[in-house]
Structure formats: C-alpha cells, structure tokens
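Q: I would like to learn how to read interfaces in a model. Where do we begin?

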Amino acid sequence: MFRIVRKEVLQPSVILYEIEAPLIAKKAQPGQFIILRVDENGERIPITIHDYDSIKGTVTIIVQTIGATTLKLSMLNEGDCLHNFVGPLGKATETEGRKKVAVVGGGVGCAIAYPVLKKFHDDGAEVHAIIGFRSKDLLILEDKFKAASNHLVVCTDDGSYGRKGLVTEALKELIDAGHQYDEVFAIGPMVMMKFVSLTTQPYGIPTTVSMSPIMIDGTGMCGGCRLSVGGETKFACVDGPDFDGHKVDWNIAVKRNQMYAEFEKHKYEEVCNLLNKEVR
Amino acid sequence: MPNMSLKKNPMPSQEPDIRNKNFQEVALGYTAEQAMDEAQRCLNCKHKPCITGCPVMVNIPDFIAEVAKGNFEEAYQIIAATSALPAVCGRVCPQESQCEKYCVRGIKGEPVGIGRLERFVADWHNSNNKELPEKPVSNGHKVAVVGSGPAGLTCAGDLARLGYDVTVFEALHLAGGVLVYGIPEFRLPKAIVQKEVDGLKALGVTIATDTVIGRTISIDELQEEYGFEAVFIGSGAGLPMFMDIPGINYRGVYSANEFLTRINLMKAYLPESDTPIQHPKTVAVVGGGNVAMDAARCAKRLGAAVYIVYRRGMEELPARKEEVEHAEEEGIIFKTLHNPVEIFADENDDVNKVRCIRMELGEPDASGRRRPIEIPGSEFDIDVDCVIMALGTSPNPLIKDTTKGIQFNRKGGIVVNEDGLTSRDGVYAGGDAVTGAATVILAMGAGKTAAKAIDEAIRAKA
C-alpha cells in the first residue's frame with residue numbers, strides 16, 4: 001500500500017499528493033511517470049512525476065480533478081493509501097548539453113514541466129519558462145518557476161493573471177526577439193503541445209513534447225499508448241514519453257486520447273452521485 | 001477390462017447460445033463417474049508415449065490408473081510431482097499436439113482425454129483438500145524471479161519446495177501474468193490462478209506486485225544489493241505487433257493484448273469497473289492463434305458480431321482445436337484465406353470498415369506452412385467498428401535497455417543455453433521472453449528447467 005503523507009490543495013481543482021514510495025523515489029528522474037490505481041475497481045492511470053525525495057522515500061504528483069479516478073483520488077486524505085503506485089516508468093528527459101532552452105507548460109502540465117525545467121537549469125542552461133493557465137484560479141507553482149528560470153512569462157487565457165493570451169504567442173515573441181533556443185520543451189494538453197510544435201517548426205528549433213496517451217500497464221504490454229511518430233508506430237510507455245514534436249501525428253493522437261470521453265463523463269457523474277450520497 | 005469406446009467422454013459445457021453472453025467458464029468438467037469411465041480408456045501401455053509429448057513429463061499413465069480406481073488425491077499427487085499448475089494446464093494446454101497426440105488410442109478413434117482428466121483431478125483436489133502446502137525448511141539461499149506468469153510461478157514453486165527463499169517480482173497489480181491479463185475468465189477462472197498463487201505463498205514465496213524490474217529495481221541491484229544468488233527472468237513476450245497497413249491507429253483498433261487486458265485484468269465488462277472498453281457492434285479479429293480466439297470470444301460476449309480474419313486456411317489455424325470449435329459454436333464467423341489491407345474511419349477517426357483481400361496457399365515457406373499469396377483484384381470491404389490485432393508480440397525492450405551483459409537474439413529474445421542460463425552469470429531466463437509468444441506449458445517447462453539448474457549451481461557453490 002502506498003500512503004499519502006502530504007496532501008496540499010494548490011487550487012480548488014488542483015491537488016498535490018506526496019506519496020510514500022521509497023523504491024520509486026530512489027530511481028525517479030525528471031520526465032518519468034508513475035501509474036496509480038485508487039481502489040479495487042479503479043482504472044490504472046499514468047501521472048507524470050512532479051518531485052521525488054530519495055531520503056524521505058516519497059514521490060510527489062500534482063493532479064487536476066477532472067474525471068472519476070481523479071475525483072476518487074481527491075477524496076483521499078493524508079494517511080490514506082493508494083491501492084497501487086508503480087514506476088518510475090518511461091525514459092527520463094534528456095537535459096544535458098543544452099545552452100539555452102525554453103520550457104513551455106500548460107495547466108497542470110506545469111507540475112511536470114517544473115522538474116524538467118529545474119534539471120535544465122541545474123545542468124547549466126539558460127532557461128526561459130512560459131507557463132499558461134485557463135485562468136488565475138488554476139495557477140500553480142509560479143514561485144518555483146521564477147526561482148529556477150532566467151525569464152518567466154505567465155499567461156492566462158482570460159487575462160485574469162499575467163498576460164492575456166496563449167503560450168504560443170509568448171513563445172513566438174521571444175523567438176522573434178532574437179532568443180536562440182537549442183530546444184523547446186513542451187508539456188501540457190495535447191492541443192497545446194501540437195501548437196507549440198507548429199510554432200517552432202518554421203524556425204527549425206528542436207522541440208520535445210511529453211506525451212500522456214491512454215495507457216494500461218505502462219510497461220509495453222498493451223499497445224494502447226501507441227503514437228504515430230515520423231510514420232512509425234511508437235509506444236509512449238517504453239519509447240517515450242518524450243518525442244520529437246515535429247514528427248508526432250497530432251490529429252490521430254488527439255482523437256485517440258478522447259476515445260473514451262463519453263464513458264469517462266458517465267463514470268464521473270456516477271462517482272459524483274455516489275460520493276455525494278456518502279458525504280452528505 | 002479397458003473401456004474400448006472410440007470416443008472420449010464428452011465434456012459437459014454451457015450451451016453455446018447461453019455461454020456466448022456470459023463470462024463464466026465454458027467447460028464444466030467431468031463428474032467422478034465420467035472421469036473414472038474415461039480413465040478406463042487408457043491401455044496403460046508399457047512404452048508410455050504420452051509422457052514424451054508432455055513438456056513437464058507428467059507421469060500420465062500412473063495418474064490415470066489412480067483415477068480409474070477412484071483414488072483422486074493419489075492421482076493429484078502424481079501430477080503435482082512434476083507440474084506446478086495442474087488446474088491451469090488441464091484447461092489451457094494444447095493436448096492435441098502434446099500428450100494426446102501420442103496416445104495409442106488415437107490411432108483408431110479419439111485419444112484418451114488426458115487434459116480433461118488432469119483438470120478433473122486438479123479441481124477435485126482443490127475442492128476436497130483445502131490444506132495449503134507446508135512451508136519447507138529454509139536453506140538460506142535467495143532467488144529472484146522476474147514476472148509471475150507460468151514460467152515464473154513454476155520456477156518459484158520448484159525452488160521454494162527445495163527450501164529457497166524466493167521473491168517473485170510482478171509489474172502489474174495482480175500476480176499471474178498472461179493467466180490473469182490474457183486468458184479469459186470463461187476459459188481459465190481467475191480464482192484458479194489465485195489458488196495457485198496462494199499455494200506458492202504458503203510455500204514461503206514472496207510476491208512483490210507493482211515492481212517493474214529494469215525500472216523500480218534493476219537486475220544489478222537484485223544481484224548486488226538485495227543479495228539474490230540467482231535471478232530468473234520470465235518477463236513474457238511484450239510489445240504487441242501491428243500490421244503495417246493504413247489506418248492502424250484509428251480509434252477502435254486494438255491490440256489483442258489491450259482488449260484482453262481491459263476485460264480480464266481490469267474487468268471492464270463489469271459495471272463497477274472504472275476501466276472503459278468499447279462495446280463494438282461488429283469486430284474483425286486479425287490472426288488465428290489462441291489469443292485471436294480469446295479476443296473474438298470476448299468481443300462476442302460484449303454483444304458484437306465477430307469475424308476472425310486469417311490469411312491461411314482453417315487447417316492452418318495455430319489455435320488449439322477446442323478453441324476453434326468453441327468459437328465456431330458460439331457464432332464467430334471465420335474469414336480464412338483473407339487478409340486486411342486497409343482500415344477506414346469516419347470523420348471522428350472511428351473505424352467504420354476494413355478492406356480485405358482474398359488469399360490462396362502456395363508452396364510451403366520456411367515455417368513449413370504453405371505460404372499465403374494475395375489474389376490480385378479480390379479486395380472487398382467489411383463494415384466493422386472495431387479491429388483487433390492478434391498477430392503475436394515482440395520481446396519487451398525494458399530489461400534489454402537497462403541491463404548489461406545479457407545477450408539478445410536478432411528478434412530481441414534472450415539467448416539462453418539448455419539450462420536456461422543467459423550470458424550473464426547467475427541470470428537465467430525462460431518462457432516467452434526467450435522464445436517469443438508460445439504456450440503456457442512451454443513456459444512452465446522452461447521455468448522448471450531453470451529451477452533445476454539454479455539449484456544445482458547454488459549447491460555447487462556452497
């Protein structure tokens with residue numbers, strides 16, 4: 001069993017969980033993910049690692065409450081246990097040898113962008129961070145990004161905080177202002193990563209994206225997480241999760257990720273009803 | 001006086017039109033009377049050809065002789081002396097190409113129903129003898145087993161019985177490997193697998209689920225930090241293969257592994273499960289092996305009309321004969337001598353048809369089977385909303401990418417000698433990780449061979 005040692009509500013729908021998992025904490029590296037299952041009937045879902053502490057033996061994830069599984073997760077408190085927590089899975093992000101990079105994070109994807117950004121920074125690169133949220137009430141980790149980057153731009157879709165607009169606009173401005181990036185690293189919703197890739201393509205800037213497709217085992221067995229990358233079939237769990245954003249077939253990736261949207265909506269409502277009954 | 005009937009006692013089964021709508025076990029098993037009657041068909045011949053057909057050399061005529069006398073527990077002990085998973089093997093072994101293939105009674109008429117008898121004996125034992133095995137005295141030596149499928153469970157069981165302190169590492173949340181994620185409930189009830197796993201635990205085996213060797217713990221650490229004197233890798237086959245045709249990533253195209261895992265491991269067919277699965281109207285399952293039959297029969301149980309699309313003929317289907325018969329009885333439509341060439345989808349990328357081409361058989365190829373050849377211009381479309389690829393797997397790269405000193409073959413399988421020893425000292429391997437996708441019993445045989453070699457190697461050092 002994997003105990004939650006700290007639960008911190010960062011925003012009403014964005015929650016940090018620090019989980020006791022000493023073996024994973026010892027091995028985890030930026031860019032890797034875990035798979036968790038909340039309870040006996042639970043779905044296995046992949047979540048990218050936000051932080052890890054090999055001395056305390058804990059792994060931290062930040063999860064937005066958006067569906068049945070994440071809602072069930074949000075009902076757990078410090079001291080409660082997750083049924084399953086396995087990892088670290090996938091390959092670590094390559095951060096060495098870069099002189100200047102831009103890290104683009106979208107929404108709860110910023111939770112994952114942060115350790116990658118920090119690694120670039122610790123490895124000696126000049127780091128620009130562009131983080132975007134729908135609105136101010138979803139903003140997370142601003143101070144941490146500020147501390148680990150040389151330049152930070154915060155965007156909100158509705159202008160309720162920072163600059164109004166999309167991360168791609170801010171990125172394009174920085175590039176047009178003459179900043180020469182060795183690499184752009186994007187983590188967030190698939191649509192955002194797609195448009196970051198489209199933004200950098202004309203400039204020929206190598207762009208890495210961290211993919212989070214639907215997955216079951218996370219070890220290469222099911223093939224559910226497959227992507228078309230440069231015309232080849234790749235498995236996000238063992239070949240990734242990082243891929244060349246210019247080579248990913250985004251249209252199919254986005255649609256595959258929504259394959260169970262209707263089921264998920266149904267399940268979410270079911271769990272809502274169930275929890276309301278129990279809570280009230 | 002032997003029973004000279006030319007036919008096996010038929011297996012009592014759920015009616016096809018009832019069972020194709022539920023996930024309960026299809027075959028119901030012999031009664032004691034049927035088992036004793038079937039056992040009397042065995043001639044107990046001196047040269048025992050059946051045993052040579054068994055990868056783990058079960059003493060078949062002896063156990064059958066006990067069944068004939070009604071000594072079912074004695075029969076069980078004879079099987080258990082060489083087979084770690086009798087209740088599993090009795091259900092999933094391809095007997096027609098193993099023990100029963102060599103049965104003298106098969107020359108004229110049907111062979112003795114060895115598989116059915118094994119199943120009866122194992123089930124009788126499981127329901128009449130609730131005592132778990134006793135933990136043997138420890139010999140103080142530690143062995144790690146990677147993967148809890150048939151190879152790993154067999155290796156672990158054999159070593160535990162010899163007093164080894166065995167830990168089995170499993171990546172998933174449940175032990176059993178392909179026995180839980182792959183083979184459906186209606187063919188192998190999960191309670192039977194659990195019972196086997198519980199038996200190993202009673203022998204002192206530790207099962208560490210949620211542990212991915214190569215990621216959570218490396219092979220190096222197992223040997224150097226954790227102090228395991230030997231490691232057995234039975235990590236299974238791994239990455240599912242997809243056809244290289246247009247449309248393979250549309251929504252509604254599954255690997256059989258994914259489709260079966262959602263159903264068998266995650267129980268996506270039960271309303272209380274949070275795991276989604278498509279409930280297709282019409283499915284094309286591509287492939288002709290046991291996995292294809294399992295996927296097809298699962299899809300049928302979700303309410304779909306199901307085609308099996310296979311590029312060779314009925315005669316060449318690699319699946320167990322019984323699975324093919326069961327699938328046909330349940331209403332699966334076989335499109336043999338057909339091969340998909342393209343998958344189409346609607347504006348949402350949801351699959352709506354598969355284009356197939358007719359095939360004919362040419363000269364035998366390297367595998368000895370007649371090579372399928374496309375008939376030009378014979379393409380036609382089948383309306384389907386789901387395509388399941390059951391084409392086999394290629395070895396998982398995880399251990400290869402994270403472990404030094406282990407040699408792999410061109411196809412990515414682990415290279416081992418006749419004892420199952422890899423090119424790395426103290427590291428053994430067996431099952432699909434070595435051979436590529438094969439059968440449960442072959443994996444068990446490999447686990448058994450390695451257990452013996454590990455025991456000998458450790459004793460030689462001591």
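**Reading the interfaces**

A: Begin with one ion pair in this predicted model. A:K27 and B:E221 form a salt bridge, with their closest N and O atoms 2.4 Å apart.

Q: How many salt bridges are there between chain A and chain B?

A: The count is six. Polar contacts are a separate tally: 23 residue pairs across this interface, both residues at pLDDT 80 or more.

Q: Which elements of chain A supply the side that touches chain B?

A: Look for elements giving at least two residues each. These are α1, β8, β15, β16, α8 and α9 of chain A. β8(A) gives the most, with six residues. By type, this side of chain A holds 18 nonpolar, 15 polar and 14 charged residues.

Q: How much area do chain A and chain B bury between them?

A: About 3800 Å², with 54% of it on carbon and sulfur atoms. The contact takes 47 residues from chain A and 45 from chain B.

Q: What about an interface inside one chain?

A: Treat domains as the two parts. Chain A is divided into domain 1 (2-89), domain 2 (93-203) and domain 3 (211-280). Domains 2 and 3 of chain A bury about 870 Å² between them, 66% of it on carbon and sulfur atoms. A:M190, A:K194 and A:S197 supply 61% of the area that domain 2 buries there.

Q: Which polar links does the rule find between domain 2 and domain 3 of chain A?

A: Six residue pairs are in polar contact, both at pLDDT 80 or more. The salt bridge count is zero. On the domain 2 side, helix α6 (residues 190-200) of chain A gives the largest share, six residues.

Conventions
Residues are numbered from 1 along each chain as its sequence is written. Chains are lettered from A and ligands numbered from 1 in the order in which they are written. This is a predicted model: local features need pLDDT of at least 70, side-chain atom pairs count only at pLDDT 80 or more; totals for chains, interfaces and linings use all residues. Side-chain values use heavy atoms; hydrogens and water are left out. Contact means heavy atoms within 4.5 Å. Buried area is the accessible area (1.4 Å probe) that two parts lose on being put together, summed over both. A salt bridge is a side-chain nitrogen of Lys or Arg within 4 Å of a carboxyl oxygen of Asp or Glu. A polar contact is a pair of N or O atoms within 3.5 Å; within protein, one must be able to donate a hydrogen and the other to accept it, and residues adjacent in sequence count only if both atoms are side-chain atoms. Helices (H or I, at least four residues) and strands (E, at least two) are DSSP runs, numbered from the N terminus. Ala, Val, Leu, Ile, Met, Phe, Trp, Tyr, Cys and Pro count as nonpolar, Asp, Glu, Lys and Arg as charged, and the others, Gly among them, as polar. Domain bounds come from an automatic or database domain assignment.
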